[in-house]
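Trainee: Let's go through the packing in this one. I'd like helices and sheets first, then side chains.

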Amino acid sequence: MDRWQSEQQRIKTNNLQHVLTLLRKQPMSRIELSRETGLSATSITRLTNLLYGWGYLYETDIPTTGGVGRKATLLHLLPAAEYSLGIHLDDRSAHICLLDLCYNTVGKESVSLSLGSLAPEDLLSACHAGFIRLIGRCGVSPDSISSGGIAAVGAVNNEDQTLVFSPQLGWRNIALSKLFSRRFSMPFVLENDAKASLIGEIHFSGYTEDNIAFLQAGSGVGCAATHDGKVIRGQNNMAGEVGHIVLDSSEGILCDCGRKGCLQTHIAERFLVAEARFHDAEVTTMEDLQSRYHAGNAWAVRLIENSCRQLRNTLNILVSMYNPGRIIVNGDFFACFSELLPGIGASLEESLFTPLRQTWALVIARAEENSGALGAAILAQRQSVARLVTKSRKP
């Protein structure tokens, strides 16, 4: 395929995605689709004919009160025409979800893991067992699932679909999408978990801003952002790796990336719990730390106050770099200490460069632990449409 053909295929794919996005909101006529997309009636007819050919659409007549001529029809998406699978991997669990063509969540499943000591093949078996339970419970045939997506914590090369480095999982250079594709007998797309989570949040929370930042503080710390509605990826898809910004290389805590003093050692759950255990050996979870903080233990108060300062500084960087209209935060820290978010936001506002003040909103994620799986499933459906466009291209 030459460059011109490739560009034409990209444009067709984007136009189809636009039409699908509109039809996911409500049924529409061809005239309405033409008006909303800015495409000609002929282009809309060609695109909808493709969707008909794939079994995605059905029509209903628009009620009229008389008149002559051809009746107008509404186009509807058929939810069961296609399903996609989303899997979000972290160091303790795999969250799995199944979406239909309209992005309705058909079902969810969680699989407990211990990825620090789990080989990739063992992970595949555990996830596949969860997948079988999920489709059995939902009554969905595996043949109707077109594709899957993986949201993995760590650095992802989206060109060769490789998990380059994941300190939490203890893996380097794993061709994760190929492994999942072979095991599940369907195409898979691999994405960094923060970027997938941002996509999931945008679609399922209804946010309309074109410039949004997402900060994840769970097993690690990462962020993602959109500019003009598109995910910012950087030179090799590594944009947003704020968790490994070094704050103190001489006396800081050793990070699992091999360096000292990374930002995530002040915010991520396992580092906070490890620090808490120096003071109280019975602390094993963030919930335990939460109870010590609320009980007024001086060491717990100092620990969480330091985390809040580091979070404010991190958010300052995000606002200064990306100038987002909304910042979405997610993860164990925010789940356990959500009452501290207004204070963090007020401190952030005071510390910002004056022109950046009152330009943003700070909110907690709505999809919570499922946002990564939802985003991965959305990406899978996008890839499925792109493949169908390629197959439909005339030789």
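Mentor: Start with helix α5 (residues 176–184), which lies across β3, β6 (145–152) and β10 and runs at about 145° to β10. Helix α12 (residues 371–392) also packs on the sheet, where it touches β3, β4, β5, β6 and β10, and its direction makes about 135° with that of β3. Helices (H or I, at least four residues) and strands (E, at least two) are DSSP runs numbered from the N terminus. Touching, or contact, means heavy atoms within 4.5 Å. Angles run from 0 to 180 degrees between N-to-C directions, with axes fitted as lines to C-alpha atoms, for helices over the stretch in contact.

Trainee: And where do these numbers come from?

Mentor: This is a predicted model, with local features needing pLDDT of at least 70 and side-chain atom pairs pLDDT 80 or more, while totals for chains, interfaces and linings use all residues. Residues are numbered from 1 along each chain as its sequence is written, and side-chain values use heavy atoms, leaving out hydrogens and water.

Trainee: What's the strand order in the open sheet of five strands?

Mentor: The order is β5-β4-β3-β6-β10, and the pairing is mixed. At the edges are β5 (105–112) and β10 (188–192), each with a single partner strand, so one side of each has no neighbour in the sheet. On average, neighbouring strands of this sheet are turned by 15° against each other, direction ignored.

Trainee: How many bridges between β3 and β4?

Mentor: Strand β3 (residues 83–89) and strand β4 (residues 93–100) are antiparallel and pair over seven bridges. Two strands count as paired if DSSP finds at least two bridges between them. One position to look at is glycine 86, whose bridge partner in β4 is cysteine 97.

Trainee: OK, what about the open sheet of three strands?

Mentor: That one has the order β7-β8-β9 with antiparallel pairing. Here β7 (155–157) and β9 (171–174) are the edge strands with a single partner each, so each has one side without a neighbour in the sheet. The average turn between neighbouring strands is 20°, direction ignored. Strand β8 (residues 162–166) is joined to β9 by three bridges, and leucine 163 has isoleucine 174 as its bridge partner in β9.

Trainee: Back to helices. At what angle do α6 and α12 cross?

Mentor: Roughly 85°, with the axes of α6 (residues 193–205) and α12 coming within 6 Å. The two are therefore roughly perpendicular; the cut-offs are 65 to 115 degrees for that, under 35 for roughly parallel, over 145 for roughly antiparallel, and oblique for the rest. The residues making the contact include Ile199, Gly200 and Phe204 of α6 and Leu374, Ile378 and Arg382 of α12. By class the contact divides into seven nonpolar, six polar and two charged residues. Ala, Val, Leu, Ile, Met, Phe, Trp, Tyr, Cys and Pro count as nonpolar, Asp, Glu, Lys and Arg as charged, and the others, Gly among them, as polar.

Trainee: How does α7 sit against α9, parallel or antiparallel?

Mentor: The axes of α7 (residues 269–277) and α9 (residues 298–322) come within 10 Å and cross at roughly 155°. They are therefore roughly antiparallel. Leu272, Glu275 and Ala276 of α7 meet Trp299, Leu303 and Ser307 of α9. That contact has four nonpolar, one polar and one charged residues.

Trainee: And α8 with α9, at what angle?

Mentor: Helix α8 (residues 286–294) crosses α9 at roughly 110°, the axes coming within 7 Å. That makes α8 roughly perpendicular to α9. Among the contact residues are Leu289 and Tyr293 of α8 and Val301 and Ile304 of α9. The class count is seven nonpolar, no polar and one charged.

Trainee: Last topic: how many salt bridges in the whole structure?

Mentor: A search finds ten, each being a side-chain nitrogen of Lys or Arg within 4 Å of a carboxyl oxygen of Asp or Glu. In one salt bridge, arginine 30 meets glutamate 59 at 2.7 Å, N to O. This pair links distant parts of the chain, 29 residues apart, with arginine 30 in helix α2 (residues 30–37) and glutamate 59 in strand β1 (residues 57–61).
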